[in-house]
Amino acid sequence: MPESVNINAAVAALTEAWQPVDLAVANGSVVRLARLEGAFAWHQHGEDELFLCWRGSFRIELRGMEPVTLQTGDVFVVPRGTEHRPVADSVAYSLVFEPQETKQYGD
């Protein structure tokens, strides 16, 4: 039986940075919740990656381009093949929407 997921409860349970948890799967795509703190490794994916800033603020650094800063409620799509890394100067939380087979550290 399908059940709902409370995102705020999932945020409260997430204590480790860069250890995303899957909240839901639909049509081969997954909604992942991640705690962001500090800088993640540079990487790229063979598919688009959508970030929704759930709480706090962070930036997506894009190789050779200006970084994009996200505040609570902002959405940004990193196009496939774009080298990037999320960076959070203080703790932030993001929902990431991507194909289920997407690897965290990219291809």
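This passage walks through ring pairs, polar contacts, strand pairing and salt bridges in a predicted model.

Start with the aromatic rings, where the count comes to two pairs. In one of them, the rings of W18 and F40 have their centres 5.0 Å apart, and the planes sit at 40 degrees, so this pair is tilted. The two residues come from distant parts of the chain, 22 residues apart. W18 belongs to the loop between α1 (7-13) and β1 (21-26), while F40 belongs to the loop between β2 (29-39) and β3 (49-55). What about exposure to the surroundings? W18 has 13% relative accessibility, so W18 counts as buried. F40 comes in at 7% and therefore counts as buried too. W18 has something else to show in its backbone: its phi is near 60 degrees, a positive value in a residue other than glycine.

N27 is another residue with this kind of backbone angle. Its phi is near 55 degrees, again positive in a residue other than glycine. N27 is found in the loop between β1 and β2. Is N27 buried or exposed? With 83% relative accessibility, N27 counts as exposed.

Back in the loop between β2 and β3 there is also H45. Its relative accessibility is just 4%, so H45 counts as buried. Which side chains does H45 touch through polar contacts? One partner is H43, with a contact of 3.2 Å between the two side chains. Another is E49, whose side chain is joined to that of H45 by a polar contact of 3.1 Å.

Now for the strands, with β4 as the one to follow. Strand β4 (residues 57-62) runs antiparallel to strand β5 (residues 68-71), and four bridges join them. Strand β4 also pairs with strand β7 (residues 84-99), in the antiparallel sense and over four bridges. I60 is a handy landmark here. It stands opposite V68 in β5, and it stands opposite P86 in β7. Between β4 and β5 the hairpin has five residues, and in this hairpin G64 takes a positive phi near 80 degrees.

R63 is worth a stop of its own, as it turns up in two kinds of interaction. The residue lies over the face of W42, at 3.9 Å from the ring centre. The side chain of R63 also meets that of E83 in a salt bridge (3.2 Å, N to O). That salt bridge links distant parts of the chain, with E83 in the loop between β6 and β7 and R63 in the loop between β4 and β5, 20 residues apart. E83 has 29% relative accessibility and so counts as partly exposed. R63, at 44%, therefore counts as partly exposed as well.

How many salt bridges does the model have? The count comes to eight. Besides the pair of E83 and R63, there is one between the side chains of D22 and R32, at 2.7 Å from N to O. D22 lies in strand β1 and R32 in strand β2, so this salt bridge ties together parts that are 10 residues apart in sequence. The two ends are not alike in exposure: D22 has 45% relative accessibility and so counts as partly exposed, whereas R32 has 12% and so counts as buried.

D48 and R80 form another salt bridge between their side chains (3.6 Å, N to O). D48 sits in the loop between β2 and β3, and R80 in the loop between β6 (75-78) and β7, so the pair ties together parts that are 32 residues apart in sequence. At 34% relative accessibility, D48 is put down as partly exposed because of that value. R80 reaches 53% and so counts as exposed.

Salt bridges also show up here as a network. Which residues are linked in it? They are R59, E61, R85 and D89.

Note on methods:
Residues numbered from 1 in each chain as written. Predicted model: local features only at pLDDT ≥ 70, side-chain atom pairs only at ≥ 80, totals over all residues. Heavy atoms only, no water. Phe/Tyr/Trp six-rings, centres within 6.5 Å; stacked < 30°, edge-to-face > 60°. Buried < 20%, exposed > 50% of the residue type's maximum accessible area, 1.4 Å probe, protein only. Lys NZ or Arg CZ within 6 Å of the ring centre and 35° of its normal. Polar contact = N/O pair within 3.5 Å; in protein donor to acceptor, adjacent residues only side chain to side chain. Pairing = 2+ DSSP bridges. Salt bridge = Lys/Arg side-chain N within 4 Å of Asp/Glu carboxyl O.
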